[in-house]
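Me: Could you walk me through how to read the main features of a protein model? I would like the general idea and then the case at hand.

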Amino acid sequence: MATTSAATFSIGSTVSFGRRGSPPPLTKPSAARCTSQNSLASFSGLKAATSVKCDSESSFLGKESSAALRGSFARKAQKPNQSSHHGLQLQASYKVAILGAAGGIGQPLALLIKMSPLVSALNLYDIANVKGVAADLSHCNTPSQVLDFTGASELGNCLKGVNVVVIPAGVPRKPGMTRDDLFNINANIVKTLVEAVADNCPNAFIHVISNPVNSTVPIAAEVLKQKGVYDPKKLFGVTTLDVVRANTFVAEKKNLKLINVDVPVIGGHAGITILPLLSKTKPSVSFSDEEVEQLTIRIQNAGTEVVEAKAGAGSATLSMAYAAARFVESSLRALDGDGDVYECSFVQSDLTDLPFFASRVKLGRKGIEAMIPSDLQGLSEYEEKALEALKPELKASIEKGIAFAQKQPVTA
């Protein structure tokens, strides 16, 4: 039913805009409140926006991004002769699949992605209990259509035509459990799911959340190679949570406005392989040696902090879902043509002597457009030593993943 009153809603998004001649910033968290003023065809009370008010406060958008979002909405709403079947359908044009959507990460992640104005279809897959999640989400008055898929027989249909695949499937960590303890279970899960991705949507961006990421991303790469569809520019280990935590902890420690804080995080996604580059924090801020050590250790052990706080009831599901949604939104904006999208991610890399490495990358329509080698230049003495110290552990995790995949024949 159409309505003539203004429709207001909040969304999450991630875009960053680097200044020419200076290193690009990481995507900053902020919020966009978008208000539609004109009466257009609507869906569940939402209307295509022709004017947008963007207030930078919290959530995904940075201050520079708000202007871009406002301009994006205005440009797209002004295009003539475009049908608007579901209100914001002018913007929603991408298909996202979540594999493991009924889990502790999958459910809040699905909710956050459902809020994106860029998503037209949200496919939810799990081995059980996904129908209820889809039914619940389908009641949210945002444009994307939600479909559920249960079990291996429906996995292929879930993935057909998908632009971005997100894989949080697997078992969570429990008290006393390391990420490496998860390997045997989650390695098989990731292998099976990536085989299906290779068969049904080989050109999609693949976001691997399932731990241990230091091993599951190399597993995914090997599977895709065996299937003959590997594109290193489109395979990502989601390490955004390390950046989110680093930004949060630094802002708290230094009484900074969180929206302004950017801390690159390099290396891997477990323990000492997580290396926040505090010397490259923006805005520039000084840390004592004690502060550097305390912050670094807290960022590295933040996952354990949550596992212990939940006392066996779960792991870092909500913050991980938030961080993953940020990375998905960055990918969607890159696919949509935004030319200034940067995120840290664990990817195939030539920045070090390791085959995979987490660092900041520039995203574009075809995936990774560029690495940012300047982040690894001019490190502090503490960071230089920490970088060398993490390499053997990260190398072993990568090799473990590759060896697992090479011993397991892929399903034809």
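What follows is a conversation about this predicted model, taken feature by feature.

Me: Let's begin with the overall picture. How many helices and strands does the protein chain have?

Reply: The chain comes to eleven helices and 15 strands. Of its 412 residues, 56% count as buried. Contacts help too: among those between residues at least 6 apart in sequence, 72% join residues at least 24 apart.

Me: Let me pick one helix, α6. How many residues does α6 have, and how far does it reach?

Reply: Helix α6 covers residues 213-226, which makes 14 residues, and spans 20 Å from its first C-alpha to its last. That is close to the 20 Å expected at 1.5 Å a residue. Just after α6, look at G228, where phi is positive, at about 75 degrees.

Me: Is α6 mostly covered or mostly open?

Reply: Mostly covered, with twelve of its 14 residues buried. The buried set includes V213, P218, I219 and L224, along with polar residues such as N214 and S215.

Me: And what do those buried residues pack against?

Reply: Their neighbours are helices α5 (183-200) and α11 (381-407), plus the strands β9 (205-208), β10 (235-237), β13 (341-348) and β14 (356-364). Several of these names will come back when we reach the core and the rings.

Me: Now for charges. How should I read a salt bridge, and how many salt bridges are there?

Reply: The general idea is that side chains of opposite charge can pair when their charged atoms come close. A search of the whole structure finds 14 salt bridges. One of them is in the helix we just discussed: E222 pairs with K225, with the closest N and O atoms 3.3 Å apart.

Me: Where do E222 and K225 sit relative to one another?

Reply: Both are in α6, three residues apart, or about one turn of the helix. As a general point, an α-helix has 3.6 residues a turn, so residues three or four places apart point the same way. The surroundings of the two partners are worth a look as well: E222 is buried at 10% relative accessible area, while K225 is partly exposed at 43%.

Me: Which salt bridge does E343 form?

Reply: E343 pairs with R326, their closest N and O atoms being 3.1 Å apart. E343 belongs to strand β13 and R326 to helix α10 (residues 318-335), so this pair ties together parts 17 residues apart in sequence. Both E343 and R326 are buried. Another bridge joins E369 and K362, at 3.9 Å from N to O. Salt bridges with shared partners also join E252, R298 and E305 into one network.

Me: What about the nonpolar core? Which residues of the largest core touch the most other members?

Reply: The background is that, in soluble globular proteins, nonpolar side chains tend to be buried together. The largest core here has 50 residues, and those touching the most other members are L99, L159, V165, I167, L235, F346 and F357. Elements that each supply at least two residues to this core include β5 (94-99), α4 (152-159), β8 (164-167) and our helix α6. Another core lies apart from it, with 41 residues, among them A110, V119, I209 and A321.

Me: Which residues does V165 touch?

Reply: Leaving aside residues up to four places away in sequence, its contacts include A97, L99, L159, V197 and F205.

Me: Last topic, the aromatic rings. How many aromatic pairs does the structure hold?

Reply: There are four. To read a pair, look at the distance between ring centres and the angle between planes. F183 and F404 are edge-to-face, at 5.6 Å centre to centre with 85 degrees between the planes. F183 is in helix α5 and F404 in helix α11, so the pair ties together parts 221 residues apart in sequence. Both F183 and F404 are buried.

Me: How are the rings of F236 and F327 arranged?

Reply: Their centres are 5.4 Å apart and their planes are at 65 degrees, so this pair is edge-to-face. It links strand β10, which holds F236, to helix α10, which holds F327, across 91 residues. Ring pairs also bring F205 into a cluster with F236 and F327.

Me: Which charged residues lie over the face of a ring?

Reply: Two examples are R298, over F249 at 3.7 Å from the ring centre, and K400, over F183 at 4.6 Å.

Conventions:
Residues are numbered from 1 along each chain as its sequence is written. This is a predicted model: local features need pLDDT of at least 70, side-chain atom pairs count only at pLDDT 80 or more; totals for chains, interfaces and linings use all residues. Side-chain values use heavy atoms; hydrogens and water are left out. Helices (H or I, at least four residues) and strands (E, at least two) are DSSP runs, numbered from the N terminus. The expected span of a helix is 1.5 Å times one less than its number of residues. Buried means under 20% relative accessible area, exposed over 50%, partly exposed in between (1.4 Å probe, protein chains only). Contact means heavy atoms within 4.5 Å. A salt bridge is a side-chain nitrogen of Lys or Arg within 4 Å of a carboxyl oxygen of Asp or Glu. A nonpolar core is a set of buried Ala, Val, Leu, Ile, Met, Phe, Trp, Tyr and Cys residues joined through side-chain atoms within 4.5 Å. Rings of Phe, Tyr and Trp (its six-membered ring) pair if their centres lie within 6.5 Å; planes under 30 degrees apart count as stacked, over 60 as edge-to-face and the rest as tilted. A charge sits over a ring if NZ of Lys or CZ of Arg is within 6 Å of the ring centre and within 35 degrees of the ring normal.
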